[in-house]
Amino acid sequence: MARAPVCRKEDCSPYDIGLVFDKIASYSPQDKLKFIENVWKPGELFDFPVSIENGKSRKFVLNWLKKYPWLAYSKYYNGVFCLACVCFGVQCGRNATTLEDISMNRHKHENTNWNPTSRQDAQSLLNAINFSFIVAIVIVRHILALTKRLTVKLQSKAMDILKAKEELALLISVLTEMSNDIDATHHELYQDAVTIARQVDVQPDMPRVAQRQTHRPNAPASNPEDY
């Protein structure tokens, strides 16, 4: 069982792993990735609470997070979790009972069969995110944002067909304007994709140019943005 909380939820980051450890396994891959990227980490000046265990005063050691990058500290519980196992494993998902357990068992946990498997699943998720994937997501997000108002109106119970017609005309106008100025729209979306890619350490790229084109033609572009 998880230890009792040591502080209020309101005083913790929404990305404190202790707040979601029992439900994040059911998150979508996108939401898991967002959490992994933003998981809360204590700073160098964070004052870790003192725990009394077996008559001894103990404090969490910040260096453990640097030495074992799969650990995630929870301010809410004053305990640590295996981030990979919480997100992708089934045997883990609870914080250590005592800080003494953490000190003694972190090596054992790292070498279990299911910890590497969980970390491999996490890495596979990250590896699947290439620049083309990010560009596609940015474009889809942009188009869905434009069509959202019309979609909501068409799905509402009290649908007003005249209002929906007005929304449709407005949407067509916006899409036509975007099409007429496609270069500017393309550049804006590309820059959004570059910004997101930078956050996940993905470099803008394009298919390599082959001297002998056997299975596919070379991309008619000289840089990733043109491609």
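Helices here are DSSP runs of H or I at least four residues long, numbered from the N terminus. With that settled, a look at the second largest pocket of this predicted model is a good way in. Its space comes to about 530 Å³, and 18 residues make up the lining. Those nearest the centre of the pocket are Gln30, Leu33, Phe133, Ile137 and Ile196. Three elements each supply two or more lining residues: α1 (29-38), α6 (131-155) and α8 (182-199). Of the lining, α1 hands over the largest share, with 7 residues.

What sort of residues face this space? Sorted by class, the lining holds 11 nonpolar residues, along with 4 charged and 3 polar ones. As for where the pocket sits, it lies between domain 1 (9-92) and domain 2 (129-200), because both domains give residues to its lining.

Back to α1, the main contributor to the lining. The buried residues of this helix are Lys32, Leu33 and Phe35. Around the helix axis they span an arc of only 165°, so they end up on the same side of α1. Leu33, then, is on the buried list and also among the residues nearest the pocket centre.

Lys32 deserves a second glance. This lysine is part of helix α1, and its relative accessibility is 10%, which is why it counts as buried, the cut-off being under 20%. Where does a polar atom of the Lys32 side chain find a partner? It lies 2.9 Å from the backbone oxygen of Cys87.

Notes. Residues are numbered from 1 along each chain as its sequence is written. This is a predicted model: local features need pLDDT of at least 70, side-chain atom pairs count only at pLDDT 80 or more; totals for chains, interfaces and linings use all residues. Side-chain values use heavy atoms; hydrogens and water are left out. On a 1 Å grid over the protein atoms alone, a cavity is a set of points where a 1.4 Å probe fits but cannot get out, and a pocket is an open set with protein on both sides within 12 Å along at least five of seven lines; lining residues have an atom within 4 Å of a point. Grid points are joined across faces, edges and corners, and a volume is the space filled by probe spheres set on the points. Ala, Val, Leu, Ile, Met, Phe, Trp, Tyr, Cys and Pro count as nonpolar, Asp, Glu, Lys and Arg as charged, and the others, Gly among them, as polar. Domain bounds come from an automatic or database domain assignment. Buried means under 20% relative accessible area, exposed over 50%, partly exposed in between (1.4 Å probe, protein chains only). The arc is that of the directions from the helix axis to the C-beta atoms. A polar contact is a pair of N or O atoms within 3.5 Å; within protein, one must be able to donate a hydrogen and the other to accept it, and residues adjacent in sequence count only if both atoms are side-chain atoms.
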